[in-house]
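User: I should like to learn how surface patches and salt bridges are read from a structure. Please take me through one example.

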Amino acid sequence: GLSVTCGKAFANPKKKFFCILGDGELNEGSAWEALMFLSQHQLKNILVLIDNNKQESLAMTDEILSIESLEKRIGGMKLIAERVDGHKIELLVNKIESFINQKNNFDFPQVLICDTIKGKGVSFMEKVPKWHHRKIKDFEFDIALRELK
């Protein structure tokens, strides 16, 4: 994802691009290479959002390969790394609108680390890794809808 986005942004500097990465995706070397490319070429026309729910398909990210402290790692690459609550939709909308409208004149490209909870608001889904890949059953869907109201 990010490697392709960087290529497109490099080729089209007047166009804006977004890339959403999962925290588990950051276990891949290609994601870090793309972040280094983003920094090297100062591609300020990309806004990177990381869904940092601390889970991967089989377990918690810290049990597989820890990526924290993201803001220090990414910030050390001459990128602006900002940690936000990924469940605050209005905040995310404001950040995205600022990026689109160039309201913020940052010196470096931006990365939003969006801390989230997988399955937030559904008791049997919250922080349970199997919901990365398991299909919901009809009776579970009904329970989830009731809990989210």
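User: Which residues make the nonpolar surface patch of about 320 Å²?

Analyst: This is a predicted model, in which local features need pLDDT of at least 70, side-chain atom pairs count only at pLDDT 80 or more, and totals for chains, interfaces and linings use all residues. Residues are numbered from 1 along each chain as its sequence is written, and side-chain values use heavy atoms, without hydrogens and water. A patch takes residues with over 30% relative accessible area and no salt bridge, joining nonpolar side chains (Val, Leu, Ile, Met, Phe, Trp, Tyr) within 5 Å and like charges within 9 Å; areas come from the Shrake-Rupley method with a 1.4 Å probe, only the protein chains shown counting as cover for residues. Here Leu58, Ile64 and Leu65 make the patch.

User: Is Ile64 buried or exposed?

Analyst: Buried means under 20% relative accessible area, exposed over 50%, and partly exposed in between (1.4 Å probe, protein chains only). Ile64 is partly exposed at 42%.

User: How many salt bridges are there?

Analyst: A salt bridge places a side-chain nitrogen of Lys or Arg within 4 Å of a carboxyl oxygen of Asp or Glu. The count is six. Among them, Glu71 and Arg83 meet at 2.5 Å, N to O. Salt bridges with shared partners join Lys54, Glu68, Glu71, Arg83 and Asp115 into one network. Arg83 also pairs with Glu68 at 2.7 Å.

User: How accessible are Arg83 and Glu68?

Analyst: Arg83 is partly exposed at 30%, and Glu68 is partly exposed at 28%.
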